[in-house]
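Here's a quick walk through this model, starting with the ligand shells and moving out to the surface. Keep the viewer open while you read.

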Amino acid sequence: MSLSIIESCVNCFACEPVCPSEAIYEAKPHFLINSKKCTECEGDFADPQCATICPIEGAILNALGEAINPPGSLTGIPPEKMAEAMAELQAH
Ligand code: SF4
Ligand code: SF4
């Protein structure tokens, strides 16, 4: 089983050094996880270290394709409030 990094990754480099399996590598256009190396941190840590440190909601998915840090989980801003704020900004 492996996690994956998707296009919302901002290439901040935070996850690469914390991976115990050296599964994360710099690539274009964004960092990637080698699914053959990723252990989901099992045996090393209780939580996947990459997802724990990643500052971008939704950038890292679990093996089922679900965001480990879904919208609102890091900012504390409920997704509907964020949508309202974005709509407000675009209206001006
Ligand atoms: S879940 Fe763990 S092993 Fe897999 S890429 Fe993230 S830090 Fe590395
Ligand atoms: S911590 Fe998140 S945003 Fe930063 S490089 Fe890794 S996946 Fe991309």
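For residue classes, Ala, Val, Leu, Ile, Met, Phe, Trp, Tyr, Cys and Pro count as nonpolar, Asp, Glu, Lys and Arg as charged, and the others, Gly among them, as polar. With that split, the shell around ligand 2 comes out as 12 nonpolar, 1 polar and no charged residues.

Some housekeeping: this is a predicted model, where local features need pLDDT of at least 70 and side-chain atom pairs count only at pLDDT 80 or more, while totals for chains, interfaces and linings use all residues. Residues are numbered from 1 along each chain as its sequence is written, chains are lettered from A and ligands numbered from 1 in the order written, and side-chain values use heavy atoms, with hydrogens and water left out.

**The two ligand shells**

A residue belongs near a ligand here if one of its heavy atoms lies within 4 Å of it. The two shells look like this:

| Ligand | Residues around it | Nearest residues | Classes |
|---|---|---|---|
| Ligand 1 | 13 residues | Cys19, Ser21, Cys38, Cys41, Cys50 | 9 nonpolar, 3 polar, 1 charged |
| Ligand 2 | 13 residues | Cys9, Val10, Cys12, Cys15, Cys54 | 12 nonpolar, 1 polar, no charged |

**Overall layout**

Helices (H or I, at least four residues) and strands (E, at least two) are DSSP runs, numbered from the N terminus. The protein has 2 helices and 4 strands, in the order β-β-β-α-β-α from the N terminus on. Its C-alpha atoms fit a box of roughly 50 × 30 × 20 Å along the principal axes.

Buried means under 20% relative accessible area, exposed over 50%, and partly exposed in between (1.4 Å probe, protein chains only). By that rule, 27% of the 92 residues are buried. As for area, Shrake-Rupley with a 1.4 Å probe is the method, and for residues only the protein chains shown count as cover. The protein exposes about 6100 Å², and carbon and sulfur atoms supply 57% of it.

Take contact as heavy atoms within 4.5 Å. Among contacts between residues at least 6 apart in sequence, 45% join residues at least 24 apart.

**Two buried residues**

Isoleucine 60 sits in strand 4 (residues 60-61) and counts as buried because its relative accessibility is 3%. Leaving aside neighbours within four places in sequence, its contacts include Leu3, Ile5, Cys54 and Ile68. From the C-alpha of isoleucine 60 to that of isoleucine 33, 27 residues away along the chain, is 9.6 Å.

Histidine 30 is in the loop between strand 2 (24-25) and strand 3 (32-33). Is histidine 30 buried or exposed? Buried, since its relative accessible area is 10%. With neighbours within four places set aside, histidine 30 touches Ile5, Ile6, Glu7, Cys9 and Asn11.

**Around helix 2**

How many salt bridges does a search of the whole structure find? It finds 1 (a salt bridge being a side-chain nitrogen of Lys or Arg within 4 Å of a carboxyl oxygen of Asp or Glu). The partners are glutamate 84 and lysine 81, at 3.9 Å, N to O. Both lie in helix 2 (residues 79-91), 3 residues apart, about one turn of the helix. Lysine 81 is partly exposed, at 48% relative accessible area.

There's also a nonpolar surface patch made of Ile77, Met82, Met86 and Leu89, with about 350 Å² of accessible area together. Patches take residues with over 30% relative accessible area and no salt bridge, joining like charges within 9 Å and nonpolar side chains (Val, Leu, Ile, Met, Phe, Trp, Tyr) within 5 Å. Leucine 89 is in helix 2 and counts as exposed because its relative accessibility is 59%.
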